[in-house]
Amino acid sequence: MRAILYNEFGGPEVLTLGHTDKPVPGPGQVRVKVVAAGVNPLDHKQRYGWVEQFYPTTFPAVPGLEFAGVVDALGEGGGTGPIPGEVLAVGDEVFGWSSTGSYAEYALAGDIVRKPAALSFDAAATLPVAGETAQRVLGLLGLKEGETLLLHGAAGAVGQVATQLAVAGGATVVGTASPANHDFLRSLGAIPVAYGAGLADRVRAAAPQGIDAVFDAAGQDALPVSIALLGGTTDRIVTIADMHAADHGVVFSAGGTPPEEVRSVMAAHARLAVEGKLVVPVVETFALADAAKAQELSEAGHVRGKLIIKV
């Protein structure tokens, strides 16, 4: 099969389009013909070797965490897959997480759920990583109705999902973003503020009632000002982007959601997406051969939504 491969850590240039054997599904496993693969900031962090303590790499590696596609083969044990209570068959449309890398024609599924017929493959591929991450961090923060959340990087895919979920739950969201994204954030129900020098004053003006919790999806030295805005405490700050979180006494969250909860979250978010209540716009699509370009764009930041690789 065709796949994007890399054999060493480095920049986008280490990614090459090559051929490798199709993964063979073992007992209880599912192989999927990938239609669309999502591109995430974690992809280039893994490529550089920055997150080995959380996501160890075995070379040659296939990048990519999430996909949407069609069940291609089932391991021994019949049609039972990783979805409790459901029976999968070849030809079923699914989406979720890959255990072998999703920048490839075929992938073994990790946690997957059925894709609603009304949801496109591209739209489905935007949901697994951003949805699980947003739900997990909001849960860690214990955000409640009536509280105010400061969300750094609100215009990115994770930030967009977190904004929509928090607003739907009755919270006020103050989201940092470049001015070009402010109208977009208002459309999601957030109060936008520009990042950079003077951020603390802008946040205080936008939320005179004060900030109850902070979700850092951007990094870029957002933690010191966040701690100051919370009066010096780090109790309700979680980052997914600052690898130096421990230096500030802040929680760095990199997964750990139980599989059954991951699947439940994906199914719930798919229903919301079909109803038009959860939207992550696809900014641009790329051919598999252009995966390095997709990662370069993701790494540069300022992507409002999701980049998708069409396989």
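## Around helix H3

Let's start at a small turning point: Gly142, just after H3, takes a positive phi of about 65 degrees. Everything described here comes from a predicted model, so please read the values in that light.

Helix H3 itself covers residues 128-141. How far apart are its end C-alpha atoms? They are 20 Å apart, and because 14 residues at 1.5 Å a residue should span 20 Å, the helix agrees with expectation. H3 is also mostly covered, with eleven of its 14 residues buried. The buried set begins with Pro128, Val129, Ala130, Gly131, Glu132, Thr133 and Ala134, and it continues with Arg136, Val137, Leu138 and Leu141.

## H3 against H4

One partner of H3 is helix H4, made of residues 157-168. Their axes lie 8 Å apart and the two helices pack at an angle of about 55 degrees. Angles that are neither under 35 degrees, over 145, nor from 65 to 115 count as oblique, so H3 is oblique to H4. The crossing of this pair is right-handed.

Which residues meet here? From H3 come Ala130, Gly131, Thr133, Ala134, Gln135 and Leu138, and from H4 come Ala157, Val158, Val161, Ala162, Leu165 and Ala166. By class, nine residues of this contact are nonpolar and three are polar, with no charged residue among them.

## H3 against H8

Helix H8, residues 259-274, is another partner: its axis and that of H3 come within 10 Å and cross at roughly 110 degrees. The two helices are therefore roughly perpendicular to each other, and H3 passes H8 in a right-handed crossing. On the H3 side the contact is made by Pro128, Gly131, Glu132 and Gln135, while H8 brings Val262, Val265, Met266 and His269. This contact has four nonpolar, three polar and one charged residues.

Gly131 and Gln135 are worth finding on your screen. Both are listed in the contact of H3 with H4, and both are listed again in the contact with H8.

## Thr148 in strand S7

Moving along the chain, Thr148 lies in strand S7, which holds residues 148-152. Is Thr148 buried or exposed? With a relative accessible area of 2%, Thr148 is buried, because the cut-off for buried is under 20%.

Leaving out residues up to four places away in sequence, Thr148 touches Thr172, Val174, Ala207 and Gln209, together with Gly210, Ile211, Asp212 and Ala213.

## Backbone points to check

Most residues other than glycine have a negative phi, and most peptide bonds are trans. A few places in this model are worth a look with that in mind.

Where does Pro60 sit? Pro60 is in the loop between helix H1 (41-48) and strand S4 (66-74). A cis peptide bond joins Phe59 to Pro60, with omega about -5 degrees.

Gln220 is not a glycine, yet it has a positive phi of about 55 degrees. Gln220 is placed in the loop between strand S10 (213-216) and helix H7 (223-229). At 65% relative accessibility, Gln220 counts as exposed, because the cut-off for exposed is over 50%.

Asp221 also lies in the loop between S10 and H7. Asp221 has a positive phi of about 60 degrees, although it is not a glycine. Its relative accessible area is 65%, so Asp221 is exposed.

How values were computed:
Residues are numbered from 1 along each chain as its sequence is written. This is a predicted model: local features need pLDDT of at least 70, side-chain atom pairs count only at pLDDT 80 or more; totals for chains, interfaces and linings use all residues. Side-chain values use heavy atoms; hydrogens and water are left out. Helices (H or I, at least four residues) and strands (E, at least two) are DSSP runs, numbered from the N terminus. The expected span of a helix is 1.5 Å times one less than its number of residues. Buried means under 20% relative accessible area, exposed over 50%, partly exposed in between (1.4 Å probe, protein chains only). Axes are lines fitted to C-alpha atoms, for helices over the stretch in contact, and angles run from 0 to 180 degrees between N-to-C directions. A crossing is left-handed if the near helix is turned anticlockwise from the far one by less than a right angle, and right-handed if clockwise. Contact means heavy atoms within 4.5 Å. Ala, Val, Leu, Ile, Met, Phe, Trp, Tyr, Cys and Pro count as nonpolar, Asp, Glu, Lys and Arg as charged, and the others, Gly among them, as polar.
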